[in-house]
Amino acid sequence: MTDQRSLHNQWSSRLAFILAASGSAIGLGNIWKFPYLAGENGGGAFVLVYLLCVAAVGVPIMIAETMLGRRGRQNPINTMLSLAQEAKANPAWHYTGWLGVISGFLILSYYSVIAGWSMLYIFKMNSGLMHHISPESASRIFEELKYSPEIQFIWHTIFMAATMFIVSRGVSGGLERATRFMMPGLFVMLILLDGYALSSEGFSQGISFLFKPDFSRINGESVLVAMGQAFFSLGLGMGAIMIYGSYLPDHVSISKSTIFVASADTLVALLAGVAIFPIVFANHLEPTMGPGLIFQTLPIAFGQMPGGSTFGALFFLLVFLAAITSAIALIEPAVAWLSENRAMPRETACLWSGVACWLSGLGTVFSFNVWSDVTWFGKNFFELVDFLTANIMLPVGGILVAFFAGWIMRRENSEEELEMGSAYAYWRFAVRYVSPFAVALVLLSAIDVI
Ligand code: PHE
């Protein structure tokens, strides 16, 4: 184990970890996905269930996953193997790591396509095309993109190449540098958009849509989606935060850093929702329009602001940066595994995983156009990959992580790693009794949604 440990890089400081973990958490999930899921699932009730999932299930699992990573100090597969050995448990636990590597890979395949959309929007906004744009034209521009496999192909390729380039530069060279400026910038832009929303006539309707729960909208499926989104947005259950934890120096408090990251992540999602729904209602758009939601609403808001073309371009640039800092976390477990276990140079590992991921992303590109009629269980390729990963694989990964940390790992070990004082007992209760069973219950009760 000592050999492996010395192979493995470390973050230069606590701040570097917080920035990188926030970079992994804050991404398209907050700005693109959270608003459209809230829109499709009835608003307030969904938001409430989501917040509950983050607090009661997400945070304890996030602490657990980071802790397992730091104790194992290797890629998720080897970490789970060596922790299982330490606890004298079944080595099959290392399949948890595998599940994570595969989920991250699958998520990145479609993530890159959507991130490609936001890259294109940087240029579309900057061209002045969206100046005083009508809702109809905003929708038309988006539909043109959706129905064009060629354009999506190009941007998907550029995004994947950029991601793999950064990942090939390694932990402190690539990952840390990329995350340093994005967060504060994104925050400022969201506040600006919220200011615009505040003055729009749809504000009160937007706010009550988002925060006034209509409990009749809650059902097995919407709870499953909310929980899946909590996992997705916090970046849990797939080894990303585990591998980021594995680069964490020993003296840093896991619980404090993690709670900070989870709060920032949730705040950004809410700020995005507050920015978007007033625009939806002021322009008589449908909250249920799905993955195109931000691309059809935000240009309208920017189009009406003085200097909107520049702000709009800047906003999509930040969305792109937020996406790329999550993308590097999604593929890092696969790359670390290839380079640590297959003795591949990091660059070669990046190349292979990038090419494979890019290829499967083409399925998503085509699912919006030429393959839109090809469905399984009523879902097209993109919807199926999204459903399988966010709503099944990440929660299952989360259950395994919580179960391992709560029931398999020796108490002294987790207590020593976490140094949480009296709060340790609450965490332990949550990962033993609350998280695994709550997640399992939701998964089981929603099985009939497939
Ligand atoms: N949390 C990221 C987002 O919200 C996506 C992600 C999922 C990143 C899983 C890492 C692991 O966009």
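A residue is called buried if 20 or more other C-beta atoms lie within 10 Å of its own, and exposed if 12 or fewer do. These terms serve for the description below of a model that is predicted.

The protein as a whole offers a starting point. It contains 20 helices and zero strands. Its radius of gyration is 21 Å, close to the 22 Å that the globule rule gives for 450 residues, so the protein is as compact as a globular protein of that length. Along the principal axes, its C-alpha atoms fill a box of roughly 65 × 45 × 40 Å. Of the 450 residues, 54% count as buried. Among the contacts with a separation of 6 or more, 85% are accounted for by residues 24 or more positions apart.

Helix 10 shows how buried and exposed positions can be arranged on one element. This helix covers residues 182–199, 18 residues in number. From its first C-alpha to its last it reaches 26 Å, close to the 26 Å expected at 1.5 Å a residue. Its buried residues are Met182, Met183, Leu186, Met189, Leu190, Leu193 and Ala197. Because these residues cover an arc of only 130° around the axis, they are on the same side of helix 10. The face turned away from this buried side carries the exposed residues Pro184, Val188, Ile191, Gly195 and Ser199.

The ligand is the next point of interest. Its surroundings comprise 15 residues, of which Gly27, Gly29, Gly235, Ala240 and Ser326 come nearest. Helix 2 (14–25), helix 3 (28–40), helix 12 (220–234) and helix 16 (308–341) each supply at least two residues of the shell. By class, this shell has eight nonpolar and seven polar residues, but no charged residues.

Two loops deserve attention for their backbone geometry. Lysine 88 is found in the loop between helix 5 (76–86) and helix 6 (94–126). Although lysine 88 is not a glycine, it has a positive phi of about 55°. With 8 other C-beta atoms within 10 Å, a count that falls under the limit of 12 or fewer, lysine 88 is exposed. Histidine 284 is found in the loop between helix 14 (254–282) and helix 15 (293–304). Its phi is near 55°, a positive value in a residue other than glycine. Histidine 284 is exposed, with 8 other C-beta atoms within 10 Å.

Methods: Residues are numbered from 1 along each chain as its sequence is written. This is a predicted model: local features need pLDDT of at least 70, side-chain atom pairs count only at pLDDT 80 or more; totals for chains, interfaces and linings use all residues. A residue is near a molecule or strand if its C-beta atom, placed from the backbone, lies within 6 Å of it. Helices (H or I, at least four residues) and strands (E, at least two) are DSSP runs, numbered from the N terminus. Ala, Val, Leu, Ile, Met, Phe, Trp, Tyr, Cys and Pro count as nonpolar, Asp, Glu, Lys and Arg as charged, and the others, Gly among them, as polar. The expected span of a helix is 1.5 Å times one less than its number of residues. The arc is that of the directions from the helix axis to the C-beta atoms. The radius of gyration is taken over C-alpha atoms; the globule rule is 2.2 Å times the number of residues to the power 0.38. Two residues are in contact if their C-beta atoms, placed from the backbone, lie within 7 Å.
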